[in-house]
Amino acid sequence: MRYVVGYTPTERGADAVALATSLALAQGAHLDLVYVVKKGAPYVALNPEGSRVNAREQEVLAAERQGLGLIPQGLPATFHVREAESFAGGLIDAAVEFKAGLIAVGAASAGLFKRYTVGSVANALLHASPVPVALAPRGYQRTAPITRLTLAVGRRAGAEAAIETAINAAKRRGVPLRLVSLVELDAAGDSGEAINAAHIHANTVLTAASGKVPAGHEVSVAVAHGRSIEEAIDGLEWDDGEILIVGSSRLAEKNRIFLGSTANKVLRALPVPMVVVPRDYDVVDSAP
């Protein structure tokens with residue numbers, strides 16, 4: 001079990017490490033902190049014959065000390081320096097090489113109440129990653145194991161990968177799984193019909209999920225509605241140790257992520273970390 005963490009010695013890097021730690025502790029995963037540098041950089045870590053007094057090299061060594069210093073005792077972690085044309089590209093290459101279950105990154109910035117605005121690195125990952133991407137809100141500091149997984153249950157085709165990932169993750173960690181259907185009410189009417197359809201669909205998924213987890217494992221369902229997706233999210237109760245899992249848009253290429261309009265709305269309002277699962281993702285042994 002390996003998780004790639006996009007690390008820089010910044011607040012965003014610390015957010016990513018905290019989220020990866022919280023995800024990993026429940027099952028003893030190995031964290032791979034990946035620090036990406038431009039190709040041709042004269043760093044000792046990449047070129048043993050290079051200068052050992054290069055100022056940029058000292059930055060990398062300092063980043064290694066700081067990054068590994070954030071890891072709780074007993075959780076295995078390795079620091080890697082990678083050359084790549086882009087930060088996102090370096091993380092994806094590392095994830096493929098390590099057969100990682102996910103890539104964790106910090107959000108670039110956030111609005112009020114620790115809400116997200118996705119920066120360039122996260123945005124690139126959300127359009128290209130072949131493995132799930134975990135997004136940490138700004139200022140995320142929790143390093144205790146997660147306490148509940150919530151799956152956003154969509155009614156469109158292509159959600160199977162996210163459903164299977166959420167079920168398997170909850171089962172492995174022994175944490176409750178909540179299935180949530182979000183309904184954006186139409187001001188023109190038919191609100192009751194939309195809510196009823198959401199209940200029917202969510203309970204159908206609930207029945208299927210209940211048959212795939214051990215007897216007695218807690219699986220629940222909730223339907224949240226509002227005049228907007230953001231309002232529906234606000235109406236839900238969220239645990240401090242919760243993670244939301246969403247599926248990629250049906251517009252994504254196979255085994256790739258593309259964040260659809262609904263997921264983008266969810267992300268803007270969400271008070272907890274989000275994991276986005278690629279379309280048709282084939283779960284591997286190291287999956288989250």
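Me: Which elements do the buried residues of helix 1 pack against?

Reply: This is a predicted model: local features need pLDDT of at least 70, side-chain atom pairs count only at pLDDT 80 or more, and totals for chains, interfaces and linings use all residues. Residues are numbered from 1 along each chain as its sequence is written, and side-chain values use heavy atoms, with hydrogens and water left out. Buried means under 20% relative accessible area, exposed over 50%, partly exposed in between (1.4 Å probe, protein chains only), and contact means heavy atoms within 4.5 Å. The buried residues of helix 1 pack against strand 1 (2-6), strand 2 (30-37), strand 4 (102-106), strand 7 (133-136), helix 5 (160-173) and strand 11 (242-247).

Me: How many helices and strands are there in the protein chain?

Reply: Both are DSSP runs, numbered from the N terminus: H or I of at least four residues for a helix, E of at least two for a strand. On that basis the protein chain holds 8 helices and 12 strands.

Me: How many residues of helix 1 are buried?

Reply: The buried positions include Gly13, Asp15 and a run from Ala16 through Val17, Ala18 and Leu19 to Ala20. Thr21, Ser22, Leu23 and Ala24 are buried too. Helix 1 is mostly covered, and the count out of its 15 residues is 11.

Me: How far does helix 1 reach from its first C-alpha to its last?

Reply: Helix 1 covers residues 11-25, which is 15 residues. The expected span of a helix is 1.5 Å times one less than its number of residues. The reach of helix 1 is close to that expectation, at 21 Å.

Me: What is the relative accessible area of Val17?

Reply: Val17 belongs to helix 1. Beyond residues up to four places away in sequence, Val17 touches Val5, Tyr7, Leu33, Leu70 and Ile71. Val17 is buried, and its relative accessible area is 1%.

Me: How far apart in space are Val17 and Asp32, C-alpha to C-alpha?

Reply: Asp32 lies in strand 2. Asp32 is buried, at a relative accessible area of 0%. In sequence Val17 and Asp32 are 15 residues apart, and in space their C-alpha atoms are separated by 9.8 Å.

Me: Which residues is Asp32 in contact with, leaving aside neighbours within four places in sequence?

Reply: Asp32 counts as buried. Its contacts are Arg2, Tyr3, Val4, Val5, Thr78, His80 and Phe98.

Me: Is Tyr140 buried or exposed?

Reply: Tyr140 lies in the loop between strand 7 and strand 8. Not counting residues up to four places away in sequence, Tyr140 touches Ala14, Asp15, Ala18, Leu19, Ser22 and Pro273. Tyr140 and Ala16 are 124 residues apart in sequence, yet 8.0 Å apart in space, C-alpha to C-alpha. With 10% relative accessibility, Tyr140 counts as buried.

Me: What covers the buried residues of helix 3?

Reply: Helix 3 has 12 residues (87-98), and its end C-alpha atoms are 17 Å apart, which agrees with the 16 Å it should span. Its buried residues are Ala88, Gly90, Leu91, Ile92, Ala94, Ala95 and Phe98. Their cover includes strand 1, strand 2, strand 3 (77-83), strand 4 and helix 4 (120-125).

Me: Which residue with a positive phi follows helix 3?

Reply: This residue sits in the loop between helix 3 and strand 4. At 62% relative accessibility, it counts as exposed. Its phi is about 55 degrees although it is not a glycine. The residue is Lys99.

Me: Which strands do the buried residues of helix 2 pack against?

Reply: Helix 2 (residues 55-69) has 15 residues. Its buried residues are Glu57, Val60, Ala62, Ala63 and Gly67. These pack against strand 2 and strand 3.

Me: What share of the 288 residues in the protein chain is buried?

Reply: Long-range contacts first: among those between residues at least 6 apart in sequence, 78% join residues at least 24 apart. The buried share of the protein chain is 49%.
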